Amino acid sequence: MADTASADAAEQVLASRPDKAQLIEKLVAKLPEHVILHAEEDLRPFECDGLSAYRVLPMIVVLPETIEQVQIAMQVCYANDVAVVARGAGTGLSGGALPMENGVLLSLAKFKQILDIDTANRRATVQPGVRNLAISEAVSHLGLYYAPDPSSQIACSIGGNVAENSGGVHCLKYGLTTHNIVELEIVTVEGERMTIGSEALDTPGYDLLALMTGSEGLLGVIVQVVVKLLPKPERAQVVLAAFDDVRKAGEAVAAIIQAGIIPAGLEMLDNPAIVATEEFVHADYPTEAAAILLCEVDGTHAEVDEHIADVREVVEREGATEVRVSRDDAERAIFWAGRKAAFPAMGRISPDYYCMDGTIPRKALADVLIGIGELSEKYGQRVANVFHAGDGNLHPLILYDANIEGELERTEEFGGAICELCLEHGGTITGEHGVGVEKIDQMCVQFPPDELTQFHAVKQAFDSKGLLNPGKAVPTLHRCAEFGAMHVHNGELPFPELERL
Amino acid sequence: MKTSADQSEHLRERVAEAFAKATPLHIRGSGSKDFLGETVHADTLDVTGHTGVVNYEPGELVMTARAGTPLAEIETVLDEAHQMLAFEPPHFGENATLGGTIASGLSGPARPFTGAARDFVLGCRIVNGQGQILRFGGEVMKNVAGYDLSRLMAGSYGTLGVLLDVSLKVLPVPRTQVTQVFEHTAAQALEQISDWQLKPWPITGAYWEDGKTYLRLAGATSSVESACEKLGGDALDDDRAFWHAVREHQRPFFTTTDRPLWRVSLPPAAPMLDIDGDCVIDWGGAQRWLQSDMDAVALRRIVKEAGGHASVYRGDALPRFHPIGESIMALQKRLKKSMDPAGILNPGRIYPEL
């Protein structure tokens, strides 16, 4: 069976011991020497991505400068059965670009050119190492921008955005990466260049563009991206609403949506997040509030006026204790400053923090928030919550100290429990950060064996040797069986039909 | 009349049986899209008995319904809550089902502005070619756990799995809608539509036919009014009926001749192509309907050079969908095999190879 063959291939690749000196020789024979790094001090900067609790020194780093060089590197690795982990800016939060000590790390960092801006079709053709924000900056003078805005947008690169299907604050209205790209150039595991999607709005045959987006580097290496550009709204304005009860805040979120408004952004912070960010950036947040909502609406001047009035009416009806409306862009920036500084603010009050990423139906916001509070007491660890509330996408930040023996392990267990709480409420373990290595065990809880087997079969269609980013995103059934043996959920073994090894 | 019946198990059994015997199945809803793609010569697997809205809460902006549910019924339920399928799917028949709508992946005039069918798919349950019921995606807005196999189902014409139910993102109905009409040549229309889209105006339709551009605006009342003021043009009476006729191919352009009808998909700003025949422009230039007797190979060569592809809606040219390159076809064949190893699900519907 193809499906188990793929999983077996991946396990073999993970356990393989390629000869480093020989591989360097083969790469150097076909590529300029300066694009191949293999001394420890040169490899060190690549040992982790944004999930810095996990670190592995790669065997070799290849830093190609052209698509042809990417193809050659892939051809050499394919011929020698060596695993390849592609990496963009390395800002990912799930360890998707975590290197392998027996594999090649393929960095796309030198692909930094914006190749074409097409105003008539409102598109830009960019290399994968171009930073997300750099696209919007490059087209700003045309009155255009690129909509998806992950909070790391200053640093994260578009290739990684495609691999992770990144979201951001504005995706309820403007969609995720998958909604905002039209064409990809990829290099396959065999080193062949292929075009996925097209400059038209659809492409004959299967929608491989949808499948590639969010595939976490397991199906191909992205070497070029055509993104959609949108006209910048005339104006954006934010309502800040404070609530004395998280349940009321959660209900206000649903009420705004039900009133027929699709806000450009709808964010929620709970009290610990409000207090921590207020101490850090002094955005004048009401620190006594149980939760605040930040609701941004954008569009034409007239539309913003209309929707701001509607939002104010809804949150007041839902029991907001205080409502403020930004008077100008400067004040709007201040309202957002706290939300945008939430992660660094945690860094000030705790040596380390662990960011989770579940998504749930909006109606479950309050119940899940209360459930997280109970888990926080159970594990004895503090947690602050910032949510993309409009999407039901939660980012609980668990505070911990990695220097305390056992605290990281306890934090990961706490994080796993939050993932499962999201699943119990009909949600998913990851809304926008990806599975990577971080949530691979929770995939065993979200997906039954047949679904996982189907994923492996799809992987096999793209990468029969299992060389692309093995061990990430989709767990083997073997791994799930081991995880299940350690972790009995609700008294049921998740994979009772499998033998325990 | 609204019906609700869960035939998942029956459909699964039929596929499992077909898999065991390696006999192909022709998956079929109401048959409203039978004219698209190639004919499947196999026993029919009728999904029209698998019906019902499974879950719909307007506050969540999500609806989950079974594949055999009539599209018209889904639209009625949504309309009662002032919500809609924002990709404006064509029905092409009174009894069009949700399953056929997603399997064919068709979208109406709003597509370039609000998104395509695939953009609104959040999750689905399918029977794969081995007779296993699988669930991908979910009922939440953002979900990146596992490969995105649910969006892949849109436009795969049942060749990768039998859709059981689909979860879709739905949106509020805009408060106001108007359509302004302008006198333009086709070339003027393409240029003007491209320029208009550089403004943050609430455009949801841009169509050209016979010397006139029809621009639909929909959204907040104030926003529509202010855009209209800047745009000028003449207001169109009964514009809902107009856009319905565009969507359903009921304009005289579509109904008054029997010449071959081509759907040409292009980068929106691509200039008018040098092809003999009559043309109307939808999707702000990205979808052009062409009545032409031109040879299929020659026509497709011109379209491809302009960055697009052409499929047959009416006529005899084969293959009906635009041919694809060798290596991408090889990959698609492997993908098909990964989901349908015995090749029993609608074989040949898209291409003989799939």
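Here are four short exercises with worked solutions on a predicted model with chains A and B.

**Exercise 1. Work out how chain A is built and whether its radius of gyration fits a compact globule.**

Start with the parts list: chain A has 18 helices and 18 strands. Next, look at the extent of the chain. The C-alpha trace of chain A spans about 70 × 60 × 45 Å along its principal axes. Now test the globule idea. For 501 residues, a compact globule would have a radius of gyration near 23 Å, and chain A has 23 Å, so the two agree. Then check the inside: 57% of the 501 residues of chain A count as buried. Finally, take the contacts in chain A with a separation of 6 or more; 71% of them come from residues 24 or more positions apart.

**Exercise 2. Describe the side of chain A that touches chain B.**

Begin with the counts: 74 residues of chain A are in contact with 70 residues of chain B. Then ask which elements take part. Those of chain A that give two or more residues to this side are helices H7 (171-174), H8 (208-212), H9 (246-258), H11 (301-317), H16 (440-446) and H17 (449-462). H17(A) gives the largest share, eight residues. Last, sort this side of chain A by class: you get 29 nonpolar, 28 polar and 17 charged residues.

**Exercise 3. Compare the settings of A:Ala473 and B:Ala22: is each one buried or exposed?**

First, recall the background: most residues other than glycine have a negative phi. Now read the angles. Phi is near 65° for A:Ala473 and near 55° for B:Ala22, a positive value in each case. Next, find them. A:Ala473 sits in the loop between H17 and helix H18 (477-486) of chain A, while B:Ala22 sits in the loop between helix H1 (8-21) and strand S1 (25-28) of chain B. Now count neighbours. A:Ala473 has 29 other C-beta atoms within 10 Å, so A:Ala473 is buried. B:Ala22 has 10 C-beta neighbours inside 10 Å and therefore counts as exposed.

**Exercise 4. Find the cis peptide bond at B:Pro319 and then lay out the domains of chain B.**

Background again: most peptide bonds are trans. Here, though, a cis bond joins B:Leu318 and B:Pro319, with omega about -10°. As for its place, B:Pro319 is in the loop between strand S17 (309-314) and helix H12 (326-339) of chain B. Now step back to the domains: the assignment for chain B gives domain 1 (8-172), domain 2 (176-247) and domain 3 (252-314). To finish, the C-alpha centres of domains 1 and 3 of chain B lie 27 Å apart.

How values were computed: Residues are numbered from 1 along each chain as its sequence is written. Chains are lettered from A and ligands numbered from 1 in the order in which they are written. This is a predicted model: local features need pLDDT of at least 70, side-chain atom pairs count only at pLDDT 80 or more; totals for chains, interfaces and linings use all residues. Two residues are in contact if their C-beta atoms, placed from the backbone, lie within 7 Å. Helices (H or I, at least four residues) and strands (E, at least two) are DSSP runs, numbered from the N terminus. Ala, Val, Leu, Ile, Met, Phe, Trp, Tyr, Cys and Pro count as nonpolar, Asp, Glu, Lys and Arg as charged, and the others, Gly among them, as polar. A residue is buried if 20 or more other C-beta atoms lie within 10 Å of its own, exposed if 12 or fewer, and partly exposed in between; C-beta atoms are placed from the backbone. Domain bounds come from an automatic or database domain assignment. The radius of gyration is taken over C-alpha atoms; the globule rule is 2.2 Å times the number of residues to the power 0.38.
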